[in-house]
Amino acid sequence: DPVILWLREDLRFDDNPAMREAAASGAPVLCLYVLDDATAGDFAMGAAQRWWLHHSLCAFKEDLETRGGALILRRGKETEIVPALAKEIKASHVFWNRRYMKWQTDPDTEIKSALQDMGIKGISCNGRLLYEPWEIETKSGDPYKVYTPYWKSLQQKEGPRAALPRTDKLNAPPSLPSTDRLDDWNLLPRSPNWAEGFEPVWTPGEKGARARLRAWLDTDAASYDDCRNRPDQDRTSRLSPHLHFGEISPVVLWHSVSDAMEAGDIPKDQGTSFLSEIAWREFSYQLLYYHPTMRDQPLMEKFTDFEWDTDKKALNAWQRGRTGYPIVDAGMRQLWTEGWMHNRVRMIVGSFLVKDLLLDWRDGMRWFWDCLVDADPANNTASWQWIAGCGADAAPFFRIFNPTTQSEKFDPDGAYIRRYVPELRDLPTRFIHEPRKASTAILKDAGIVLGETYPDPIVDHSDRRKQALSRYEAIK
Ligand code: FAD
């Protein structure tokens with residue numbers, strides 16, 4: 001009897017535990033991908049990720065076919081599709097790699113028991129994390145709520161399992177069930193093609209992921225910690241969308257960087273700093289796994305009563321990168337054109353939304369969800385709660401980023417601003433972080449009319465800072 005390999009966030013052949021098991025069964029393997037927007041609800045894939053998914057599925061399908069495999073696409077409720085297909089093809093087993101959000105684990109449990117009722121085995125594996133959320137716990141057996149002890153505890157482990165070899169052969173059954181056509185899913189933008197700026201930046205798929213890892217290891221990994229906060233230098237790995245779609249596994253990343261440290265190619269402090277970021281991802285998964293209400297409720301309950309503004313105009317200015325704060329606008333425009341934003345700038349724009357515009361962090365989270373190619377339910381949610389001061393181990397709310405000093409510190413020459421806010425390109429560096437400080441003559445020289453070619457700041461940072469603090473006092 002054939003078996004089904006149900007692919008989800010694991011579109012790769014390398015180090016794919018569920019795929020290994022399916023192949024090892026010796027039976028013909030049918031690969032299945034289900035697009036289920038209804039079950040995901042608010043967390044149905046955003047527009048930027050649909051673009052990615054389209055290309056990632058194309059790349060996967062092509063690689064699969066060279067290995068003798070076949071990919072079946074179905075759209076609809078996974079709790080119906082998976083058991084029905086297993087029954088239709090008389091599968092003996094269905095294999096998959098686990099997911100961890102409650103709206104994902106609930107259907108998985110339901111599907112496993114529906115399969116069991118039909119005498120079909122549902123086998124789940126860990127292909128997404130270094131460790132399962134329950135494998136890293138405090139001395140008293142609880143999950144962590146603070147990152148530093150979590151990271152210490154993770155480091156005390158023997159290390160993640162070895163990476164599994166690539167699967168080279170996956171023979172499809174001789175007769176195939178019907179499949180949707182990928183083009184009919186309409187995952188790509190029509191007109192206007194807002195994803196034009198994605199194409200030069202990204203290569204979705206496993207090959208693209210491996211190439212990016214290789215390039216980053218050869219060039220930027222050795223100075224990761226020194227440069228990771230500098231958006232102008234842009235030297236982080238940019239592996240986040242590949243990790244999200246499972247085109248590369250964290251286990252492979254962990255061992256690649258650890259081996260390079262052992263070999264002396266990457267200094268210990270630089271490599272360890274990178275591994276600690278991989279651990280932030282794991283920590284976010286643990287948080288969301290044990291606190292599923294975090295998906296839309298603050299982890300710190302007192303924040304439920306925080307008085308957020310609802311100001312559509314301000315939200316719109318933030319989304320379009322027209323706040324009059326150049327570093328914020330550069331970040332929001334990078335997000336729009338590339339589907340990605342540098343981590344330091346994510347923190348700056350996040351803090352600005354919450355503490356300068358006094359808008360709800362969930363508004364920011366939703367916009368990121370729609371625009372990011374790496375939108376991840378654990379990382380996005382945990383990071384927004386962290387920046388809003390209401391999550392686990394969060395930066396205290398009263399510590400408020402000053403967007404201008406952040407800009408001076410992390411984009412000292414304004415190169416990042418100039419790249420994404422071209423109307424400020426000719427402004428001398430000493431005014432690039434705060435154009436309104438420049439005289440009319442200097443602005444004129446740079447071809448800028450404030451309030452026309454570039455907006456005046458939509459809020460005054462020091463005023464807003466006071467307001468934010470007084471609202472915080474009210475819930476404290
Ligand atoms: P690198 O610096 O090269 O790091 C390698 C990997 O480590 C990343 O790919 C990512 O998987 C993980 N990582 C790095 N930083 C973090 C972090 N702070 N938290 C959790 N994991 C991390 N990351 C996402 O993957 N998806 C999101 O939806 C997301 N939303 C965010 C929202 C906000 C408001 C903030 C402040 C951060 C968010 N992050 C998110 C975390 C981080 O910004 C990105 O992971 C990082 O910028 C991706 O770039 P990179 O791959 O070059 O990172």
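Asp376 sits in the loop that links α15 (361–371) to α16 (377–388). It counts as buried, because 24 C-beta neighbours fall inside 10 Å and 20 or more are enough for that label. Asp376 is also one of the positions that UniProt lists under "binding site", in an unreviewed entry. Please keep in mind as you look around that this is a predicted model.

**The listed binding site**
- The unreviewed UniProt entry gives Tyr224, Thr236, Ser237, Arg238, Leu239, Ser240, Phe274, Asp374, Ala375 and Asp376 for this feature.
- Where does Phe274 lie? You will find Phe274 in helix α11, which covers residues 268–290.
- Is Phe274 buried or exposed? Phe274 is buried, because 24 other C-beta atoms lie within 10 Å and the cut-off is 20 or more.
- Leaving aside residues up to four places away in sequence, Phe274 touches Ala221, Tyr224 and Val257. Of these contacts, Tyr224 is itself among the positions in the UniProt record.

**The whole protein**
- The protein contains 21 helices and 5 strands.
- Its radius of gyration is 24 Å, close to the 23 Å from the globule rule for 476 residues, so the protein is as compact as a globular protein of that length.
- Measured out along the principal axes, the C-alpha trace spans about 80 × 50 × 50 Å.
- Buried residues make up 43% of the 476 in the protein.
- If you take the contacts between residues at least 6 apart in sequence, 78% of them join residues at least 24 apart.

**Domains and how they meet**
- The domain assignment divides the protein into domain 1 (3–127), domain 2 (129–161 + 206–290) and domain 3 (301–471). Domain 2 is therefore written as two segments, 129–161 and 206–290.
- Between the C-alpha centres of domain 1 and domain 3 there is a distance of 38 Å.
- How many residues of domain 1 are in contact with domain 3? There are 7 residues of domain 1 in contact with 8 residues of domain 3.
- On the side of domain 1 that touches domain 3, the residues divide into 5 nonpolar, 2 polar and no charged.

**Strands β1 and β2**
- Strand β2 takes in residues 29–35, and 7 of its 7 residues are buried.
- Val29, Cys31, Tyr33 and Leu35 point one way from β2, while Leu30, Leu32 and Val34 point the other way; all are buried.
- Strand β1 (residues 3–7) runs parallel to β2, and 5 bridges join the two.
- Within this pairing, Ile4 has Leu30 of β2 as its bridge partner.

**Backbone details worth a look**
- The peptide bond from Ser191 to Pro192 is cis, with omega near 0°. Pro192 belongs to the loop between α6 (147–156) and α7 (206–219).
- Asn186 lies in the loop between α6 and α7 as well. Asn186 is not a glycine, yet its phi is positive, at about 50°.
- Why does Asn186 count as exposed? Asn186 has 10 C-beta neighbours inside 10 Å, and 12 or fewer means exposed.
- Leu358 is another residue that is not a glycine but has a positive phi, here about 60°. Leu358 is placed in the loop between α14 (343–356) and α15.
- With 19 other C-beta atoms within 10 Å, Leu358 is partly exposed, because the buried label needs 20 or more and the exposed label 12 or fewer.

Key:
Residues numbered from 1 in each chain as written. Predicted model: local features only at pLDDT ≥ 70, side-chain atom pairs only at ≥ 80, totals over all residues. Helix = DSSP H or I, 4+ residues; strand = E, 2+ residues; numbered from the N terminus. Rg over C-alpha atoms; globule rule 2.2 N^0.38 Å. Contact = placed C-beta atoms within 7 Å. UniProt positions renumbered as here; feature names shortened; annotations may be inferred. Nonpolar A, V, L, I, M, F, W, Y, C, P; charged D, E, K, R; others polar. Pairing = 2+ DSSP bridges.
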